[in-house]
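Trainee: I would like a close look at a single strand and what surrounds it. Please take one part of this model and work outwards from there.

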Amino acid sequence: MQTKIYLFLFLIISGFNLSAQEQKMTDAEIASFKQDVNVVAKKIKTLTTDFVQYKHLDFLSKDIETSGKMVFKEPALLQWQYKKPYNYSITFKNGKILINDEGKKSAVDIGNSKIFARINKLIVGSVSGNMFDDKEFAISYFKLKGQNLAKFIPKDATLKKYIKQIELTFDKEEATVVQVKLLESSEDYTRIVLKNKVINAKIDDSVFTN
Amino acid sequence: MQKSTIQFLLINCFLAIVLISCGSVTKKYTPKKLDKTSYTVPYFSDSKTDYVYKTNISVYGNELSGIFIAKKINDTTHRIVFTTEFGNKLMDFEISDTDFKVNSIVSELDRKILINTLKEDFRLLLKKEYLIQEQFENESDDIYKSADGKRDNYIFISKKDQILEKIVHASQTKEKFTLFFSSENNIFAEKIQIIHQNIKLKIELNYFKSE
């Protein structure tokens, strides 16, 4: 019984520790962190990475897990290829969204859609990490163990309807994004973990098609 | 005299047409003695299971795809969420036999006619218990008729392995929409199609296992 109580106390205390790990950055730390990220982001011409996406809905017993590969080429070519548990790719290219859904191809023109243009910019920005735009977001900065965390709250009301908050987690050493978390509400979010990142490998434009 | 004969013929013709169409939903089937008074649908009934399906919706030539999630949250109610592949929530409903609540819906899809159609579709999809009034059969299935307000549901159970294969929602004269199920074990439906007969709407659900 006593061991159980100790275990319980231990869990609570370590829980406190965990939340205490998220420490606000000082102004000097923010400036140096932003500079590190911008230096790296500027060097990124292409980027490929594997990703695992966890969709968390409060009422589900388990997160919904999908995974695949993401390819980015500057300035704004972006493709997400879902490979498991289904084949689905979505490509952002020249104001168009190209979709390949298990072989079924379609295209959506987003040229005139401001909201899609915004979301697109946001996705590209969150992958490269370069989205420290104070005009668009209220941004706050935190330190974690071996990582940095930036939280973005959209200022635009329309965008806010879709996304309440975006959290980007950066590897401290590499100053690149390792996790993107899109919060729809406090209970529901999408968490995307990026791994096996390859920077500036040669990627042909022809990859970005459906 | 001649005028009234014509009228009489017209009325007769009209009646004949009405009678023929009245029988149209069941006329293909042979009546049979009732072997049960109720039927319990096995799919979507486990409160511990997250029912997650890749979804394709085709509506008047437009394609929409995403993820359909259903979960039984208490004895009477299911929560239904439809998201994009990216995870953005497009719709979030709570639905039971008698209640319906929209938790959220993106403004692009916030149309009364669409919400009402989906409400009808999903209510039938998640309905657990059917009271049976009549029974029919065809070559492959036993068919149970269950009253649903002014309309009826026809439940098709395969004679071969007793698996629920489809449910037809129909008025007295016309089929409105049909749910097709593919299930290996009659506990779980791996593939579901909802096809409307009166509007161009088709919803296809393919179960996927989260890895």
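What follows is an account of one strand of chain B, then of its setting in the chain and in the complex.

Mentor: This is a predicted model, in which local features need pLDDT of at least 70, side-chain atom pairs count only at pLDDT 80 or more, and totals for chains, interfaces and linings use all residues. Residues are numbered from 1 along each chain as its sequence is written, while chains are lettered from A and ligands numbered from 1 in the order in which they are written.

The strand to start from is S12 of chain B, residues 164-170. Strands (E, at least two residues) and helices (H or I, at least four) are DSSP runs, numbered from the N terminus. Five of the seven residues of S12(B) are buried, so this strand is largely enclosed by the rest of the structure. A residue counts as buried if 20 or more other C-beta atoms lie within 10 Å of its own, as exposed if 12 or fewer do, and as partly exposed in between, with C-beta atoms placed from the backbone.

S12(B) pairs with strand S11 of chain B (residues 151-158) in the antiparallel sense, over six bridges. Two strands pair if DSSP finds at least two bridges between them. Within this pair, B:Ile155 has B:Ile167 as its bridge partner. The connection between S11(B) and S12(B) is a hairpin with five residues between the strands, and in its turn B:Gln162 has a positive phi of about 60°. S12(B) also pairs with strand S13 of chain B (residues 175-182), again antiparallel, over five bridges. Here B:His169 stands opposite B:Phe177 of S13(B), and a hairpin of four residues joins S12(B) to S13(B).

B:Ile155, the partner of B:Ile167, leads on to the interior. The largest nonpolar core has 41 residues, and B:Ile155 is among those with the most contacts inside it, together with B:Phe68, B:Ile69, B:Ala70, B:Tyr154 and B:Leu179. Such a core is a set of buried Ala, Val, Leu, Ile, Met, Phe, Trp, Tyr and Cys residues joined through C-beta atoms within 7 Å. Helix H2 of chain B (residues 112-126) gives the most to this core, with five residues. Buried positions in H2(B) are B:Leu118, B:Phe122, B:Leu124, B:Leu125 and B:Leu126. H2(B) has 15 residues and reaches 21 Å from its first C-alpha to its last, close to the 21 Å expected at 1.5 Å a residue; the expected span is 1.5 Å times one less than the number of residues. Leaving aside neighbours within four places in sequence, B:Ala70 is in contact with B:Leu126 of this helix, and also with B:Phe44, B:Tyr51, B:His78 and B:Ile80. Contact means that the two C-beta atoms, placed from the backbone, lie within 7 Å.

Over the whole of chain B there are two helices and 15 strands. Of its 211 residues, 25% count as buried. B:Lys27, in the loop between H1 and strand S1 (30-32) of chain B, is exposed, with 10 other C-beta atoms within 10 Å. Its C-alpha atom is separated by 9.9 Å from that of B:Phe136, 109 residues apart along the chain.

Confidence varies along chain B. The mean pLDDT (the predictor's confidence in each residue, from 0 to 100) is 88, and 88% of the residues reach 70 or more. Helix H1 of chain B (residues 2-22) has the lowest mean, 51, and strand S14 of chain B (residues 191-196) the highest, 97. Over residues 13-22 of chain B, pLDDT stays under 50, and the model has three contacts beyond four places in sequence for them. For the model as a whole, ipTM is 0.80 and pTM is 0.83.

Chain A completes the picture. The contact between the chains takes 22 residues from chain A and 22 residues from chain B. On the side of chain A that touches chain B, the elements giving two or more residues are strands S2 (46-56), S3 (64-73), S4 (77-84) and S5 (88-93) of chain A. Chain A has four helices and 12 strands, and buried residues make up 23% of its 210 residues.
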